[in-house]
Amino acid sequence: MCVTSVRMERLVLASRQSGASAELLVAYRFLAAFRIPSWPLMPMPYDLLVDCGDAIRRVQVKLARLKAGNCYQVKLMKRHPKGDRPIPVSTVDYLCLVCGPNEVFVVPATLLASPSRPEMLCARLQFSPTNERWAAYRNAFAIGTGLGVAGDQVGPLEPLSTPWAPAAATPGP
């Protein structure tokens, strides 16, 4: 095996690990908003299914990369052995654009349709999180009816308490 292929394998593995981490983060944030996430049992064009009370939504999770300045870039394509493929709008209901643990944009897929091919998502998206257009979608995990109020925003993550964390030492008698 040549050195280049080893580097490519590591790059793909790191990319898949970060993608899996983003999916776990989004699932956790939906749970915090009283929505029930689940993963499909077989390969599907979406990453998560989310029970929102009124309907089950198909969610695609994408990790945004910080570019020059305060601008993020997201590649809205699916991996394929013969080259990346565009994502049809009809296969997902929402896209979660993960910029960081406390900044996830939950955007309806119909808003990200390509101007030239409306049946497909745009191939690449560049956005600034400070832009007013995106403010309504920042941490908007309370989609549907669920147990919360639609349109509620979920605040920053609270530290997780673990049952296996050592208990604080108590002074003896």
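The legends below describe close-up views of a predicted model. Residues are numbered from 1 along each chain as its sequence is written, and side-chain values use heavy atoms, with hydrogens and water left out. Because the model is predicted, local features need pLDDT of at least 70 and side-chain atom pairs count only at pLDDT 80 or more, while totals for chains, interfaces and linings use all residues.

**View 1. The open sheet of three strands, in the order β4-β5-β10.** The pairing in this sheet is antiparallel. Strands (E, at least two residues) are DSSP runs numbered from the N terminus, and two strands pair if DSSP finds at least two bridges between them. β4 (65–66) and β10 (124–127) stand at the edges with a single partner strand each, so one side of each has no neighbour in the sheet. Strands of a sheet pair through backbone hydrogen bonds, either parallel or antiparallel.

**View 2. The hairpin of β4 and β5.** β5 covers residues 72–75 and is joined to β4 by two bridges, the two strands running antiparallel. Leu66 stands opposite Tyr72 in β5, and Arg65 has Gln73 as its bridge partner in β5. Five residues lie between the strands of the hairpin, where Gly69 takes a positive phi near 70 degrees.

**View 3. The pairing of β5 with β10.** Four bridges connect β5 and β10 in the antiparallel sense. Tyr72 stands opposite Phe127 in β10. On the β4 side, Tyr72 of β5 stands opposite Leu66.

**View 4. The salt bridge between Lys75 and Asp84.** A salt bridge is a side-chain nitrogen of Lys or Arg within 4 Å of a carboxyl oxygen of Asp or Glu; the structure holds five. In the pair of Lys75 and Asp84, the closest N and O atoms are 2.4 Å apart. Lys75 is partly exposed (between the limits for buried, under 20% relative accessible area, and exposed, over 50%; 1.4 Å probe, protein chains only), with a relative accessible area of 40%. Asp84 is also partly exposed, at 35% relative accessibility.

**View 5. Salt bridges of Arg57 and Arg117.** The side chain of Arg57 meets that of Asp54 in a salt bridge, at 3.3 Å from N to O. Asp54 counts as partly exposed at 46% relative accessibility. Arg117 forms a salt bridge with Glu119, with 3.5 Å between the closest N and O atoms. Arg117 is partly exposed at 41% relative accessibility, and Glu119 is partly exposed with a relative accessible area of 44%.
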